[in-house]
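Reader: I have a structure in front of me and would like to learn how to read it. Where should I begin?

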Amino acid sequence: MLPVWGNEGKRHINLGGTSTSTSQSTILDQAKVRREERLEAKRRSDAAIKVQSWWRGAQEARRVRANVRVELENDLRQGGAETLVGIQTLRKLVIIGKNWKGKEQSISRDGKVVLGIWSERVVASGTDSLFFVHESPSWLTLVKQLSLLIIQSVANDVLSSYTAAYLHVITTILSPSSKVPSHLTASLTSYLVHHGLYSALRRAIQGIPINSKANPALPLLIPLTILPLTTFTNQGASEEYRRTFHHLVTQILTIPLLPNRLPLQTLTYLSANLPLTKLDVLFVNSPNSTSAHAAEPASSSLSSLLSNNYTSGIENKLHLISNLLTLMPPRYPKLTAPSLAAYLRLLSSLVDGIPVGGLEGATASSASEAATGSTPVYADSDEEDGDVIGHVTVVSSFTSVPKTTLPVLDSRTQKRLATLASPTHLISLLTPASKTLTRNEHRYWVIRFLYSLVSVYPGTSSLASSTTKNGNAVGTGNVGKRRREDVLGAVWNWNGGGFVREIWRGWVRGGGLGRDVVQVQTKPKMPDPNSMDVDSSLTGSGIGRSHFDPLLPNPNAGRGQSRLLSLNSQHGANEDPWAPLLLLADLYSQALLTMGDDEFFSSSGSSLSSTLTSTPASGAVSTKNPLTTDDITMFSRQLLNIAWVLYMHGAELGTGSDASTTSTSALAMVPPPSPVSWNEVRERVTKCLLAIHDRDARKPFTPKGHWLVLPDTDSSGESSSSSSSTVHYEGRGRSQMQLSMEMVGFVEAAVVEAQQLTEAADAEEDGEDMRFSSPNSHRGRMNHRTMTSSAASRRQQMYLSPRLAVLNNIPFAIPFHVRVAIFRNFVMQDRVRHLQRINAVRDSGGRRNGAGMMAMFDEFGMGMGGGGRSGRQRVAVRRGMIAQDGFDRLGEADLKNPVEITFIDQFGEEEAGIDGGGVFKEFFTSLCKEVFDTDRGLWLTNKKNELYPNPHAYATETHSLNWYRFIGRILGKAMYEGILVDVAFAGFFLAKWLGKQSFLDDLASLDPDLYNGLIFLKHYAGNPEDLSLNFTVAVEEFGTTRSVDLIRNGSNIAVTKENRLQYIYLVSHFKLSKQIKLQSEAFFEGLSEMIDPKWLRMFDQQEVQILIGGVNSPIDLDDLRANTMYGGLYDDNEDTIVAFWNVVNSFNQEQRRALLRFVTSCSRPPLLGFKELVPNFCIRDAGVDQHRLPTASTCVNLLKLPRYKNEQTLRSKLLQAINANAGFDLS
């Protein structure tokens, strides 16, 4: 062979003489270079030989193929049936048909034509002739390769004129025949399945236009998808059967709009011949599998589909669900227990892999938002329509991460997916499930499926959802929210609530989750306020438990009571204990919105077995609480323990912004089932917990101390933990509390966390603060909705300030008196901060002077009795115009500064006295009495004389809203200063302060007739459409009645069995929330200028009422006397004082309240007892004049009592004084 690149093989001889190189290293280097040159020349020569050899081979192959094709064409034209299927002909077909590209085999261009002609000739002469020579050893190999070429031809060009002939041939080859041994057919089928049979069939079906149902290939393609399963069933090849079944599910049943592509007869064939009774093989482990995780499917095809969370994977899951919903429902009653359980498991696995809201697919706008990474932010409102206020792009890092977007779905697919959550479909599925699934491991998958279905829909909305004329949702996610509610409603009412009881008794009650938080220690030690661990004081030696115990399912498997005894048991390995618990929490969160107290406290105590077989009609509403109050008490305690751990130790679980903070001890936790995160677990648990607690707060049913997590000794007198030590805690003023060490650590750490967050916020706002030059300038009115719903700030708070997160989300875990002390600490911090801001503005260049700081402590250190006058605002108020003058003079004043009141009497003269705080309190009491007077038209009262904003239209005018804003500021000032106001608000209005949901029973106090009508509708056994109701509500104003739509086009939407709960909720929502929305917002705007809404979230409605007006309880004279100081000649044993207490002991409660108001300006005792009264209640002698009346200085809580000679005179004069209702001049 001649060299290609010249004479590289010749030796080069140097004739120039002896080398001048004398260095040994140089000689070695030169030799190395020449050796490498020779090796490179040899490599190039060898490569040239290979190229030339390949080229000659290719030329020879083309020549041979051309000769073979000529011979084959002659055989096809002239040969008979035996010639067509002879070994030589088959070999020639394979030679012509094969086209190798790398390692992938495909059909050549020439092969398509030749194979098409051959297939037509075989069909014309009878396909049975294919098996004439099956005894030949080469026949099976040739037929396998030929079949693969035919399948590829169909997939590449399904619209070819040869397709029908191809499919006839393949069908004959793969069909069991008496002429061919069954093992040969199974071998052929297995070969094609392993070499992409189902992938090719998928491409072929999708290659036919969706509207071309008359295409003759479809009736041939669909049977081919079922045929391999028939072959393997007959052979009993279980492993091949499983693999084939997986391919059928992942390749064929994921084809978009598969039912719409098929003619009716073909669709009927597919539905009738799908081996649905063997669905359980999808989740049977392969014998060759070494995986210990039984939940993994046997085939990699299905596991790949379930684990693919990119857009393509999500789209395939959605189409598979859509196709299953078309093919499966008619066969639900015929499925065996294993198959039905496997079907539910398959659905739950598919739904788990779909993002929240993904069952609706993506719209064009949402797809564009996803592409840009922009997420719309909506204003928090109790309206069903939210306005877009901006776009925020949130990134976890600046590295490039592939984005997953929702696929855009066809409207027909969306319609099918919508049926998944419809009550009709759920009932049709749950009914046979209750009869067929008798084993616990099978029934679990009903719960798991429902849990997945609830989790995939958005859950941050109420029943209110705006709909269009056609019933489609308008707001983003409203459709999903409504479907989530449909699912929960259908499950709640199914079997009369029996299924809810089964979840509780069978899985949640003994599942191990939610055990009591660790509070045991062997050696007490003082808590570290800087520690992130509330249980840092509990880590003494000898402790075998962890604070994560509430998140562990049955660590002591041998002693458990549930069927979830061990996560490694045969069936328990697949049963996640979180799914039943979270599903039950969601069910109660939803049901309590419309469940009346009569239903809540009337449990349907029938046994489980009696309820599993009775199915009420669709749309029927369960009229009894499925669980007893004892069950709910136990359940709420489980939820409380879980919530406590997730708030206090969420950072260790990675629930904060940085998941890398997950601690080693937290790695042992069993994570909640996908796709739910710990954050969502916390939100769902908290939502249910708050709903149950609100019910208990209105009508108590839990035992005392049920809601407390940390031990408390002040309220009960003894610690809930026998080994907890107690210490004295110095509260606001001179108050002292006997608290456990854990509680003291919690309080101190909470105050520190709040201070740190405040300092961080102030540092960020330093630049903005420079724009304010006046100490009376406000930083703008705080938006109540924004402050109560800022998702970013609340996430940050939960991560950095776990104790504040507890106080804002589950405050009832901490005793009320402790929260009051924390509230007072927050106020004190705010006072100091506010004065520092004033001084910063006054002192140019940020200078601080010592006098200013001393004034701060004089003003705020121990109440309002200080002597400094810095920052005081003097206001003159006419006695007869207190409300109007207060509105005019204090409407825009900085109420965080002290206000000094001077009263003007009816003659225009200033009343005597210097306001040391008492005059202001008197002014405040009179002001509140006027502004809350219902005759002014701003407030109405219910039957309990509780106030709520007037819903009338004139109350929404600008002037009225300004009054609401002013009243909010005034009430905030009272709470800020600790002044008790003798006013009571309706519970549903107080709930709005806290951002909580009103209940149906709240409507009873507002409109009893409407409430009774809604209860009648809720329990109505007939057809609600007979009542001719629609989604409107009548509003009467100025003697005329007008109709208001509850949802868009509500007047044309009838109330039915399916939507009556939504109607009941919307009517309640309109009456309790929407009608007073503007009034409430104006009130909250003023209130939030004084009181941070986060502070109020530490209390429930009843506790806020106590914070405003004090404890509405009998006055404890023993407590009052124990905390009374004396002046002048008086002491506790002096005769007049003894007579005074004898007289007061004879007073009734109204007279005692009058005395208290006379001395302190408030008729109710302090929240935490008279030890909280600052300054203390004091009695001083006022001479011996027997005709003089007792007087008081309310500014210092001082009673000036003359030394009367007998009790009768003392009683008469005292009653005359306290009932005189005189002004400040009396003192």
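The dialogue below goes from the whole chain to single elements and residues.

Author: Begin with the kind of model. This is a predicted model. Its secondary structure comes to 48 helices and 16 strands.

Reader: What share of the 1227 residues is buried?

Author: Buried residues make up 52% of the protein. A second overall figure concerns contacts between residues with a separation of 6 or more: 74% of them link residues 24 or more positions apart.

Reader: How do I read a nonpolar core?

Author: In soluble globular proteins, nonpolar side chains tend to be buried together. Here the largest nonpolar core has 274 residues, and Trp644, Phe985 and Trp993 touch the most other members. There is also a second, separate core of 29 residues, which includes Ile1115, Phe1140, Phe1177 and Ile1179.

Reader: How do I check the length of a helix?

Author: Compare the span between its end C-alpha atoms with the span expected at 1.5 Å a residue. For helix α5 (residues 137-156), with 20 residues, the expected span is 28 Å and the end C-alpha atoms are 30 Å apart, which agrees. Helix α7 (residues 182-194) has 13 residues and reaches 18 Å, close to the 18 Å expected.

Reader: Is α5 mostly covered or mostly uncovered?

Author: α5 is mostly covered, with 16 of its 20 residues buried.

Reader: Which residues of α7 are buried, and what follows this helix?

Author: An α-helix has 3.6 residues a turn, so residues three or four places apart point the same way. In α7 the buried residues are Leu184, Thr185, Ala186, Leu188, Thr189, Ser190, Tyr191, Leu192 and Val193. Glycine 196 follows α7, and its phi is positive, near 90°.

Reader: Why is helix α41 said to be largely enclosed?

Author: Look at the burial count. In α41, 12 of the 13 residues are buried, so the rest of the structure largely encloses this helix. The buried residues include Arg1060, Gln1062, His1069 and Lys1071, as well as Tyr1063, Ile1064 and Phe1070. α41 covers residues 1060-1072 and reaches 18 Å from its first C-alpha to its last, close to the 18 Å expected.

Reader: Which elements do the buried residues of α41 pack against?

Author: They pack against the helices α20 (478-493), α38 (987-993), α39 (1002-1006) and α40 (1008-1018), and against β11 (1032-1037) and β12 (1040-1045).

Reader: What does one residue of this helix look like up close?

Author: Take serine 1068, which lies in α41. Its relative accessibility is 6%, so serine 1068 counts as buried. Leaving out residues up to four places away in sequence, serine 1068 touches Leu1000, Leu1003, Leu1014 and Ser1073.

Reader: How do β11 and β12 run relative to each other, parallel or antiparallel?

Author: They run antiparallel and are joined by 6 bridges. Valine 1035 stands opposite arginine 1042 in β12. The two strands form a hairpin with 2 residues between them, where phenylalanine 1038 takes a positive phi near 55°.

Reader: Which strands give a parallel case?

Author: Strand β7 (residues 873-878) pairs with β8 in the parallel sense over 6 bridges. Valine 877 has phenylalanine 903 of β8 as its bridge partner. Between the two strands the chain passes through helix α35 (residues 882-890), and this β-α-β crossover is right-handed.

Reader: Why is β8 described as largely enclosed?

Author: Strand β8 (residues 899-904) has 6 of its 6 residues buried, so the rest of the structure largely encloses the strand. Both faces are covered: Val899, Ile901 and Phe903 lie on one side, and Glu900, Thr902 and Ile904 on the other.

Reader: How do I read a residue that makes contacts far along the chain?

Author: Phenylalanine 600 will serve; it is found in helix α23 (residues 597-600). At 1% relative accessibility, phenylalanine 600 counts as buried. Threonine 629 is 29 residues away along the chain, yet the C-alpha atoms of the two residues are separated by 8.1 Å. Not counting residues up to four places away in sequence, phenylalanine 600 touches Leu592, Met595, Asn625, Ile632, Arg695 and Phe701.

Reader: How many disulfides does the structure hold?

Author: A disulfide is a covalent bond between the sulfur atoms of two cysteines. The structure holds 0 disulfides. Two cysteines can still be read for burial: cysteine 688, at 0% relative accessibility, counts as buried, and cysteine 1178, at 17%, counts as buried too.

Note on methods. Residues numbered from 1 in each chain as written. Predicted model: local features only at pLDDT ≥ 70, side-chain atom pairs only at ≥ 80, totals over all residues. Heavy atoms only, no water. Helix = DSSP H or I, 4+ residues; strand = E, 2+ residues; numbered from the N terminus. Expected span 1.5 Å × (residues − 1). Buried < 20%, exposed > 50% of the residue type's maximum accessible area, 1.4 Å probe, protein only. Contact = heavy atoms within 4.5 Å. Pairing = 2+ DSSP bridges. Right-handed = clockwise from strand over helix to strand, strands pointing away. Disulfide = S-S within 2.5 Å. Core = buried A, V, L, I, M, F, W, Y, C linked by side-chain atoms within 4.5 Å.
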